[in-house]
Amino acid sequence: MTLPETLPETVLDLGRAWLGGFQVDLTRYIVAAPLAWLLICVVLAPALKTWKIREDRPPALQHIVELLCSVRSIAIFSAVTLITVGLHKAGLLWGEAFRETPTLLWTAGSLVLTILAHDTWFYWVHRLMHRPRLFRAFHRRHHRSNNPTPFTAYSFDLGEAAVMAAFSPLFLMLVPVAWPAFGLFMIHQIARNVIGHSGYELFPARRDGRPLFDWMTTVTHHDLHHAQAGSNYGLYFTAWDRWMGTENPRYHAEFARVAARRRGAGAEVAALS
Ligand SMILES: [Zn+2]
Ligand SMILES: [Zn+2]
C-alpha cells in the first residue's frame, strides 16, 4: 500500500503545530507552578508558617508524580488547541472583527464573560466527575493528592485533561472572545488554579474571620475539597456551591481558624516591635 504523497507533509505540519502549542502551554505551566511552589512553599514558607492550612507537608514523591501527570495533561491541552486552530481555519469561529480588532470594552467584557462561563463549566463537569463511575475514569488522579501542592493544578487523568480543555473550543465557537482577553483568561486560570492548590491561605480576611471577598473561592475552599470530597466544587467563585447547597458546612469555620492564627502571629510581631 502506498501512502499519498501529501500525508507525511500533513502529519509533519500537525506535529509542528502541536509542538508549538505544547511549548506555549508548558511555558505557562512552568512559570506558574514551580515558581509558586518555590516562592510560597520554599522561600516564604518560614514567614508564612501560620498561613499554612494543614500541619503536614505533602511528600516529595507526590510533587514529582504531579509534575509528570501535568506534563501529560499539557500534551492533551495542546491537542485540543490544535482542534481550536482547525475550527478557526475552517471558519467556524464567527465574529472575526470582535476577536481580531476588539474595542477595550469588548476586551474587558469578553474576559469577564469567559471567566464566568469557565467557572460554570468547571463547577458542573467537576460535580459530574464526582459520580462514582465517572470519578474512577476521570478524576481519581487529581484526588490522589489529598494534601495538594501547586503542582496538583494540572495533575489530571487523560479524560479529565480533555474535558477541562474542551471548554476553550466550545466557548470560542459560541462567543467571539477578543484574543487578548483569551490570553489574559489563560493566565488568570493557571494563576488561580496554582494558588488554590498551594496549601497556604493567601486570601484576605475580615476582622470577624470571614473571607474579605466571600464571593471568591479561597485556598481553604479548594483545600477542603481535597481533604473531604463531596462539597466545594467551584473554581473561582462560591456562587454555584451556595446556589446548589454544595458548600462544605465547615468552610467558614476552617477559614476563620487559619485567619485567626494568621492574625495572632501578626499581632505577636507588632507587640515585639
Ligand atoms: Zn474533585
Ligand atoms: Zn484540585
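## Burial, cores and helix packing in a predicted model

Asp 208 is exposed, because only 8 other C-beta atoms lie within 10 Å and a residue with 12 or fewer counts as exposed. The model described here is predicted. Asp 208 sits in the loop that joins α7 (179–196) to α8 (219–227). Its C-alpha atom is separated by 33 Å from that of Leu 184, and the two residues are 24 apart along the chain.

The helix that follows this loop contrasts with Asp 208. α8 is mostly covered, with 8 of its 9 residues buried. These buried residues are Val 219, Thr 220, His 221, His 222, Asp 223, Leu 224, His 225 and His 226.

Beyond α8, the loop between α8 and α9 (239–243) holds Asn 232. Asn 232 is buried, because 23 other C-beta atoms lie within 10 Å and 20 or more is the criterion for burial. The phi angle of Asn 232 is near 55 degrees, a positive value in a residue other than glycine. Most residues other than glycine have a negative phi.

Leu 111 belongs to helix α4 (residues 104–129). With 19 C-beta neighbours inside 10 Å, Leu 111 counts as partly exposed, because 20 or more would be needed for burial. The residues touched by Leu 111, apart from those up to four places away in sequence, are Ala 181, Leu 184 and Phe 185. Between the C-alpha atoms of Leu 111 and Trp 124, which are 13 residues apart along the chain, the separation is 20 Å.

The three residues whose C-beta surroundings are described above are set out below.

| Residue | Other C-beta atoms within 10 Å | Class |
|---|---|---|
| Asp 208 | 8 C-beta atoms | exposed |
| Leu 111 | 19 C-beta atoms | partly exposed |
| Asn 232 | 23 C-beta atoms | buried |

The largest nonpolar core comprises 34 residues, and those with the most contacts inside it are Ala 33, Ala 36, Trp 37 and Ala 161. Two or more residues of this core come from each of α1 (6–43), α2 (60–89), α6 (158–174), α8 and α10 (251–272). Of these elements, α1 gives the most, with 7 residues. Ala 33 touches Ser 70, Pro 150, Phe 151, Ala 153 and Val 194, leaving aside residues up to four places away in sequence. Another core, of 6 residues, lies apart from the largest one and includes Phe 122, Tyr 123, Leu 235 and Tyr 236.

Two helix pairs involving α6 can be described in detail. Two packed helices are described by the angle between their axes and the distance between the axes. α2 and α6 pack at an angle of about 25 degrees, with their axes 9 Å apart. The two helices are therefore roughly parallel to each other, and α2 passes α6 in a right-handed crossing. From α2, the contact includes Ser 73, Ile 76, Phe 77 and Val 80, while the α6 side includes Leu 158, Ala 161, Ala 162 and Ala 165. The residues of this contact divide into 13 nonpolar, 3 polar and no charged.

The second pair has another geometry. The axes of helix α5 (residues 132–143) and α6 come within 6 Å and cross at roughly 95 degrees, which makes α5 roughly perpendicular to α6. Here Ala 137, Phe 138, His 139 and His 142 of α5 meet Gly 159, Glu 160 and Val 163 of α6. The residues of this contact divide into 3 nonpolar, 3 polar and 1 charged.

Technical notes
Residues are numbered from 1 along each chain as its sequence is written. Chains are lettered from A and ligands numbered from 1 in the order in which they are written. This is a predicted model: local features need pLDDT of at least 70, side-chain atom pairs count only at pLDDT 80 or more; totals for chains, interfaces and linings use all residues. Helices (H or I, at least four residues) and strands (E, at least two) are DSSP runs, numbered from the N terminus. Two residues are in contact if their C-beta atoms, placed from the backbone, lie within 7 Å. A nonpolar core is a set of buried Ala, Val, Leu, Ile, Met, Phe, Trp, Tyr and Cys residues joined through C-beta atoms within 7 Å. Axes are lines fitted to C-alpha atoms, for helices over the stretch in contact, and angles run from 0 to 180 degrees between N-to-C directions. Angles under 35 degrees count as roughly parallel, over 145 as roughly antiparallel, 65 to 115 as roughly perpendicular and the rest as oblique. Ala, Val, Leu, Ile, Met, Phe, Trp, Tyr, Cys and Pro count as nonpolar, Asp, Glu, Lys and Arg as charged, and the others, Gly among them, as polar. A crossing is left-handed if the near helix is turned anticlockwise from the far one by less than a right angle, and right-handed if clockwise.
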